Amino acid sequence: MTLAFLAVLSGLALVDALNPFTIAAQAYLLGTPQPMRRSLAFLVGTYATYLAGGVVLLLGWSAFLVRVLPMLPDWLIPAGEALLGVGAFGFGVWSLRKAAAGTPFAPPSDLSVRATLGFAVASTVADLTSALPYFGAISQIADARLGDWASGLALYWYNLLYCAPLTALVVARASLSEEASALFFGRMRRAIDWAFGKLLPWLLILAGAGFVFDGICRLVS
């Protein structure tokens, strides 16, 4: 496990950590009654689910590299990339239209600790389906052939960085006074609302267009 490998893995994890939905959910929970219990439950549920998903993906990816990849035609992977780009582009356009229609982001307003855990698991499983940086990290770990222990440590490290914004929010909430917390998390929620409505759709559209362009270029070449 080299420094270059750790740098790439950490970079992917930090990009993945900028998940607006997860951060928004944690910021929201920290503004509700019993904020620490709920936010800690959300943090634990998110970490455990993302880590378990990584283990499943890593085992499946390793089998894919050894048994399935050599059997696939050369055009299939770039075609899949282009198709993924079309999906991301379409979802970005849909999100943009939804934001233009005035539909605000509205996380659940009344969750018990158990329900928060369930919400964390469900939302993280949904995130796994489109976690492109995580897929890239899994590919890097599988290609490096680190062995079971080192691969597990790499996944632990990735998930610690992925959950770093959630942990930072919990630490901030515990450190600030009630007045400062209300001001801080109020501004954060307004910023997240703006990002969901204005920024995220355009990022999805640009990323989707990039995937489509790269996939078509690879198909042509």
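## Helix α2

Eight residues of α2 are buried: Thr 22, Ile 23, Ala 24, Ala 25, Gln 26, Ala 27, Tyr 28 and Leu 29. This is a predicted model. The helix has 10 residues, so α2 is mostly covered, since eight of them fall under the 20% cut-off for buried.

Look next at the start of α2. There, a side-chain oxygen of Asn 19 comes to within 3.1 Å of the backbone nitrogen of Phe 21. Phe 21 itself is partly exposed, with a relative accessible area of 23%.

## Phe 42 and its contacts

Phe 42 sits in helix α3. Is Phe 42 buried or exposed? Phe 42 is buried, because its relative accessible area is 0%.

Which residues does Phe 42 touch, not counting residues up to four places away in sequence? Several of them have already come up in α2: Thr 22, Ala 25, Gln 26 and Leu 29 are among those touched, and these four are buried as well. The list also includes Thr 116, Phe 119, Ala 120, Ser 123 and Leu 166.

A backbone distance adds to this. Phe 42 and Arg 114 are 72 residues apart along the chain. Their C-alpha atoms are separated by 9.6 Å.

## Thr 124 in helix α5

Thr 124 belongs to helix α5, which covers residues 113-128. Thr 124 is buried, because its relative accessible area is 2%, and the cut-off for buried is under 20%.

What does the side chain of Thr 124 meet? One of its polar atoms lies 2.6 Å from the backbone oxygen of Ala 120. Ala 120 is also one of the residues that Phe 42 touches. Leaving aside neighbours within four places in sequence, Thr 124 is in contact with Thr 46, Thr 49 and Tyr 50.

## Aromatic pairs

A pair of aromatic rings is described by two things: the distance of the centres and the angle of the planes. How many aromatic pairs does the structure hold? The count is six.

One of these pairs joins Phe 21 and Phe 119. The centres are 6.1 Å apart and the planes meet at 65 degrees, so the pair is edge-to-face, as the angle is over 60. This pair links distant parts of the chain: Phe 21 is in helix α2 (residues 20-29), Phe 119 is in helix α5, and 98 residues separate them. Phe 119 is buried at 18% relative accessible area, whereas Phe 21 is partly exposed at 23%. The 20% cut-off falls between these two values, so the two rings get separate labels.

Another pair joins Tyr 50 and Tyr 134. Here the centres lie 4.3 Å apart, with 15 degrees between the planes. That angle is under 30 degrees, so the pair counts as stacked. Tyr 50 lies in helix α3 (residues 35-68) and Tyr 134 in helix α6 (residues 132-144), so the pair ties together parts 84 residues apart in sequence. Both tyrosines are buried. Tyr 50 also appears among the contacts of Thr 124. Ring pairs link Tyr 50, Tyr 134, Tyr 158 and Tyr 162 into a cluster.

## Salt bridges

How many salt bridges are there? There are two.

In one, the side chains of Glu 81 and Arg 218 meet, with N and O 2.9 Å apart. Glu 81 is in helix α4 (residues 76-100) and Arg 218 in helix α9 (residues 178-220), so this pair links distant parts of the chain, 137 residues apart. Glu 81 is buried, with 14% relative accessibility. Arg 218 is partly exposed, at 41%.

In the other, Arg 218 pairs with Asp 214, and the closest N and O atoms are 4.0 Å apart. These two residues are four residues apart in helix α9, which means that about one helical turn separates them. Asp 214 is partly exposed, at 32% relative accessibility. Shared partners join Glu 81, Asp 214 and Arg 218 into one network of salt bridges.

## Cysteines

A disulfide is a covalent bond between the sulfur atoms of two cysteines. How many disulfides does the structure hold? The count is zero.

Cys 163 is buried, at 3% relative accessibility. Cys 217 is partly exposed, at 34%.

Methods:
Residues numbered from 1 in each chain as written. Predicted model: local features only at pLDDT ≥ 70, side-chain atom pairs only at ≥ 80, totals over all residues. Heavy atoms only, no water. Buried < 20%, exposed > 50% of the residue type's maximum accessible area, 1.4 Å probe, protein only. Polar contact = N/O pair within 3.5 Å; in protein donor to acceptor, adjacent residues only side chain to side chain. Contact = heavy atoms within 4.5 Å. Phe/Tyr/Trp six-rings, centres within 6.5 Å; stacked < 30°, edge-to-face > 60°. Disulfide = S-S within 2.5 Å.
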